[in-house]
Amino acid sequence: MPELPEVESLSRFLGERLVGRSVARVYPVSIHALKTYDPPVSALDGRRFDDVTRHGKFLDLRVGGLHLVMHLARAGWVRWSDRLPEAPPRPGKGPLALRVRLGEPDDGAGFEVTEAGTQKHLAVYVVRDPLEVPGIARLGPDPLSADFTAEAFAGLLAGEGRQIKGVLRDQSVIAGIGNAYSDEILHAARMSPFKLAAKLSGEEVARLYEAIGTTLAAAVERSQGLALKDLKAEKKSGLRVHGRKGEACPVCGDTIREVSFSDSSMQYCPTCQTGGKVLADRRMSRLLK
């Protein structure tokens, strides 16, 4: 799933190429992806891109007073083309969900939004205000913003009875962190994913806060200037523990372990994070606190 660093890179890439250019035509290929109907998608035709920003994992393309907002879900992506096909796309069962074709002076350039797999969760909105999108309206603070201070972070954790892994992934608490980067952050902070957030010591909160900032900033920096087609590969190569079950931890050399759930899995280093203890790989087990 694209998380904050990848969406930030997408935002910067598209902003450099779209701002000031006009929309010739928007083609909503997958009707299931379109979540709003007023204004209609056709209202974007002929308008110019004013800005491209990000809200957590949401892309926000401001187009002549309207907003084309996208959430790429688990398997969505954006593909840029200097020359899109001339023929309009035909609705079907393929990965294409949306095509945006630019007008003059770059007639034919544009981008496509795709979603791999059979589980279709990609979401596209056309709104007058991004806060009309429910997922954006409920977002917590952005961890790369100036307002996300150590004191603010400590306040978010105070009284939080959940395990820290789940807290980091909760978009209403902190915007933009998902499964992969929560694993990376916890590894950098040398912290068990099952520690209770409210019971973290002041030193642990400070360590975790620093790990959030450095991990996300480093991921954004690594992606700077890359073509869209290279961002996924860069993310995978830059991860130290997530998705690396059975490999050696780059810090201590211990074997990276995994805990699997019904719809996801997480990876961690026992030596770095759990005092050498291996967490049971089943949902209902007594997990390390």
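**Exercise 1. Identify the residues with the most contacts inside the largest nonpolar core of this predicted model, and state which helix gives the most to that core.**

Solution. The largest nonpolar core of the predicted model comprises 35 residues, and within it L61 and F111 are those with the most contacts. Turning to the secondary structure elements, helix α1, which spans residues 4-18, gives the most to this core, with 5 residues. Apart from this core lies another one, of 26 residues, which includes L186, A197, I212 and L239.

**Exercise 2. List the residues in contact with L61, leaving aside its neighbours within four places in sequence.**

Solution. Once those sequence neighbours are set aside, the contacts of L61 are L18, F49, D51, V52, L66, H67, L68, M70 and F111. The list thus contains F111, which shares with L61 the position of most contacts inside the largest core.

**Exercise 3. Describe how strand β7 is paired and determine whether its two faces are covered or exposed.**

Solution. Begin with the partners: strand β5 (residues 76-81) pairs with β7 in the antiparallel sense over 6 bridges, and V78 stands opposite V113 of β7. Strand β6 (residues 96-102) also runs antiparallel to β7, joined to it by 5 bridges, and here V100 has F111 as its bridge partner.

Next, consider the faces. In a regular strand, side chains alternate between the two faces of the sheet. In β7, G110, E112 and T114 lie on one side and F111, V113 and E115 on the other, and all of them are buried, so that both faces are covered. This accords with the count for the strand, residues 110-115, in which 6 of 6 residues are buried.

Key:
Residues are numbered from 1 along each chain as its sequence is written. This is a predicted model: local features need pLDDT of at least 70, side-chain atom pairs count only at pLDDT 80 or more; totals for chains, interfaces and linings use all residues. Side-chain values use heavy atoms; hydrogens and water are left out. Buried means under 20% relative accessible area, exposed over 50%, partly exposed in between (1.4 Å probe, protein chains only). Helices (H or I, at least four residues) and strands (E, at least two) are DSSP runs, numbered from the N terminus. Two strands pair if DSSP finds at least two bridges between them. A nonpolar core is a set of buried Ala, Val, Leu, Ile, Met, Phe, Trp, Tyr and Cys residues joined through side-chain atoms within 4.5 Å. Contact means heavy atoms within 4.5 Å.
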